[in-house]
Amino acid sequence: MTSAQLEIQLIASLVAIACAIPGTFLVLRKMALISDAISHSILPGLVIGFFITHDLGSPLLIIMAALSGVVTVVLVEFIQKTKLVKEDTAIGLVFPAMFSIGVILISKNANDIHLDTDVVLLGELAFAPFDRFLLDGMDLGPKSLWTIGVILIITLSLLFAFFKELKISTFDAGLATALGFSPAVLHYGLMSVASVTTVGAFDAVGAILVVALMIAPAATAYLLTDNLKKMLLLSVFFGVFSAISGYWLAHWLDASISGSMTTILGMVFLLVYLFAPKRGLISVLYRNKQQQIEVSLLTFLLHLNNHTEKNERHINHLNEHINWQKVRSKSVVDLALRNNMITIDKDIISLTEKGKNFTDKAIDYIITNDDSKIESIKEDFFLFRG
Amino acid sequence: MKQQKFAVTVDDLTVAYNYKPVLWDIDLAIPEGVMMAIVGPNGAGKSTLIKAILGIIDPIAGSVSIYGKPYKKQRKLVGYVPQKGSVDWDFPTTALDVVLMGTYGSLGWIKRPGKKEKKTALESLEKVGMLSFKDRQISQLSGGQQQRVFLARALAQDAAIYFMDEPFQGVDATTEIAIINILKELRKEGKTVVVVHHDLQTVPEYFDWVTFLNVKKIATGPVKEIFNDDNLTKTYGINYKVSVQK
């Protein structure tokens, strides 16, 4: 591996981490679309910053760009507050307007510089190692590594300092206000971080893909955990994983790095979406299927409970009487036998003590919805897990 | 009962959404140590009144004081149970963690909850009978359990005045009784409890003080004196009959 390759992967990983952190909170706040808006509307800020400094590496560009990101959020909220249009419409109105101002400014005045529309949209990670940070002639590494490094350190410090505040204002803005943690301050803080991060990631992955880096890792992590800290860590992990494997995919395909990174992000999400243990699609379908069988089981046990007469409990009678297909009857009877809930003696089915107990508890739960007594059977049956 | 000292005083409070008043010139004094129901029809501004007292909504006129000082200086004296529907229960967190949020107010900015706060949170969970659910993800709790977690969170605030926005909404009879017993316990400790309440039948049984609200304040005072058909009719606008056990 050459040092340029290493540098690219390092930059991509830092970008992924810096994006995953605000991204997690955006997803939890149901504001994923805002990241799209921010990523497009920082363009006029970048361009104006460039006109002032005539230096693409100036920190003023980042500040101006972040500012226009925050302006976008303010405008969206202002339009939405009038109640004349809904939030998603407001977002759809504001960011194209901001973006087009940027595009016009570039095409009018900056035709001859590196700030062209392709780079803005897609970024170019492969060129990042060529732009060095030189101090007194000493090579301190690629400039974008420094930019995203500083942004990441700021983001991490803010996250550690205000984790509790971010959590409460995201979960319950009303209580946060009552306790004196102004949700507005935290909201704009988060928006500023998201804007600054977008600017930092811009160089590397461009305006469109930065959205994927913010949203996809968080959305993937959300399917896997019930814990905010773990969700943050998983988001970071998925981000870095996709950044590095995306780089090698691009290397192998000889294609765009940012495109490959996003492809990996999408594939990772798809895998988790399908196979996540609790919230994955397959697990949900399996659970539904199991619940269906368990409802049948309960119906069956209840029938046994209600009838002492032998003819009602004959195994063939059950087939006809409960009106199920053979397969279903068999799987229900098997399930009941496996759990020692019934005994079969000369084709006559009887409830065992355990089966009777179970039926009583289950019926009681279904009628009262009070789940304090069914803790013991929750583990074995999906039906009672709420 | 000593009734001279007021826990909460509301003066000329007016709140408007988009220039349409939802609360109109409210004067209200809540004596210390009462258990008060706020009743009124939908859209009467009951939740709004609580939110305005807690500074969650800015009024366009009027002022609120908690033991004689503005709310902002008295935050630590006030506990709050919002409506259950006001939060996203799919949020990745546990019951214990939600209750821990009740201690954030006394911690202030940046400082993190430590052992002391965790102990408070565990004790609060125990009080509402939810200790065994402490590590359960909150979406895995039933509606009644979620409401208990919210109550535990308010208990963890260790306040002198509690505001609760429809704590009985969507809970079964057992949970309702459990909650009301905890509230009565709070009152015994000399705390003031203010509850937005919907079930008029249970007002005389649960509360000793009541405020009738319908955009304007209709009446406020002891349940025994003012909880009558006259005030109910004025508040609900229809000829309301409720059997009051005196």
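Colleague: Are helix 6 of chain B and helix 7 of chain B roughly parallel or roughly perpendicular to each other?
Modeller: Helix 6 (residues 143–156) and helix 7 of chain B pack at an angle of about 10° with their axes 10 Å apart, and the two are therefore roughly parallel. Angles under 35 degrees count as roughly parallel, over 145 as roughly antiparallel, 65 to 115 as roughly perpendicular and the rest as oblique. Axes are lines fitted to C-alpha atoms, for helices over the stretch in contact, and angles run from 0 to 180 degrees between N-to-C directions. Helices (H or I, at least four residues) and strands (E, at least two) are DSSP runs, numbered from the N terminus.

Colleague: Which residues make that contact?
Modeller: From helix 6 of chain B, Gly144(B), Gln147(B), Arg148(B), Leu151(B) and Leu155(B). Helix 7 of chain B brings Thr174(B), Thr175(B), Ala178(B), Ile179(B), Ile182(B), Leu183(B) and Leu186(B). Contact means heavy atoms within 4.5 Å. By class there are seven nonpolar, four polar and one charged; Ala, Val, Leu, Ile, Met, Phe, Trp, Tyr, Cys and Pro count as nonpolar, Asp, Glu, Lys and Arg as charged, and the others, Gly among them, as polar.

Colleague: What are the ground rules for this thing?
Modeller: It is a predicted model, in which local features need pLDDT of at least 70 and side-chain atom pairs count only at pLDDT 80 or more, while totals for chains, interfaces and linings use all residues. Residues are numbered from 1 along each chain as its sequence is written, chains are lettered from A and ligands numbered from 1 in the order in which they are written, and side-chain values use heavy atoms, with hydrogens and water left out.

Colleague: What mean pLDDT does chain A get?
Modeller: Chain A has a mean of 85, with 89% of its residues at 70 or more. pLDDT is the predictor's confidence in each residue, from 0 to 100. Within chain A, confidence is lowest in helix 6 (residues 117–122), at a mean of 63, and highest in helix 10 (residues 228–253), at 96. Chain B averages 90, and 95% of the residues score at least 70. For the complex, the predictor gives an ipTM of 0.90 and a pTM of 0.87.

Colleague: How many residues does each chain put into the contact?
Modeller: Chain B gives 36 residues and chain A gives 35. About 3,100 Å² is buried between the chains, and carbon and sulfur atoms give 59% of that. Buried area is the accessible area (1.4 Å probe) that two parts lose on being put together, summed over both.

Colleague: Which residues of chain B lose the most area there?
Modeller: Phe91(B), Pro92(B) and Trp109(B), which together account for 23% of what that side buries.

Colleague: Back to the fold of B. What is the strand order in the six-stranded sheet?
Modeller: The order is 6-7-8-3-9-10, in an open sheet with mixed pairing. Two strands pair if DSSP finds at least two bridges between them. Strand 6 (78–81) and strand 10 (216–222) of chain B each have a single partner strand, so one side of each lacks a neighbour in the sheet. Neighbouring strands are turned by 15° against each other on average, direction ignored.

Colleague: How many bridges join strand 6 of chain B to strand 7 of chain B?
Modeller: Four, and the two strands run parallel. Gly79(B) stands opposite Tyr162(B) of strand 7. At the other edge, strand 9 and strand 10 of chain B pair in the antiparallel sense over six bridges, with Thr211(B) partnered by Thr220(B). Their hairpin has one residue between the strands, and Val215(B) takes a positive phi near 65°.

Colleague: What lies across that sheet?
Modeller: Helix 7 (residues 173–188) of chain B lies across strand 3 (35–39), strand 7 and strand 8 (192–196), at about 130° to strand 3. Helix 10 (residues 229–236) of chain B crosses strand 3, strand 9 (209–214) and strand 10, running at about 30° to strand 9.

Colleague: And the other sheet of B, what order has that?
Modeller: Four strands in the order 2-1-4-5, open and antiparallel. Strand 2 (20–31) and strand 5 (69–70) of chain B are the edges. Strand 4 (residues 61–66) pairs with strand 5 over two bridges, and Ile66(B) has Lys69(B) as a bridge partner. Helix 1 (residues 46–53) of chain B lies across strand 1 (6–17), strand 2 and strand 4, at about 115° to strand 1.

Colleague: Switching to chain A: at what angle do helix 2 and helix 9 pack?
Modeller: Helix 2 (residues 32–41) and helix 9 (residues 183–222) of chain A pack at about 85°, axes 8 Å apart, and are therefore roughly perpendicular. Their contact has 12 nonpolar, five polar and one charged residues.
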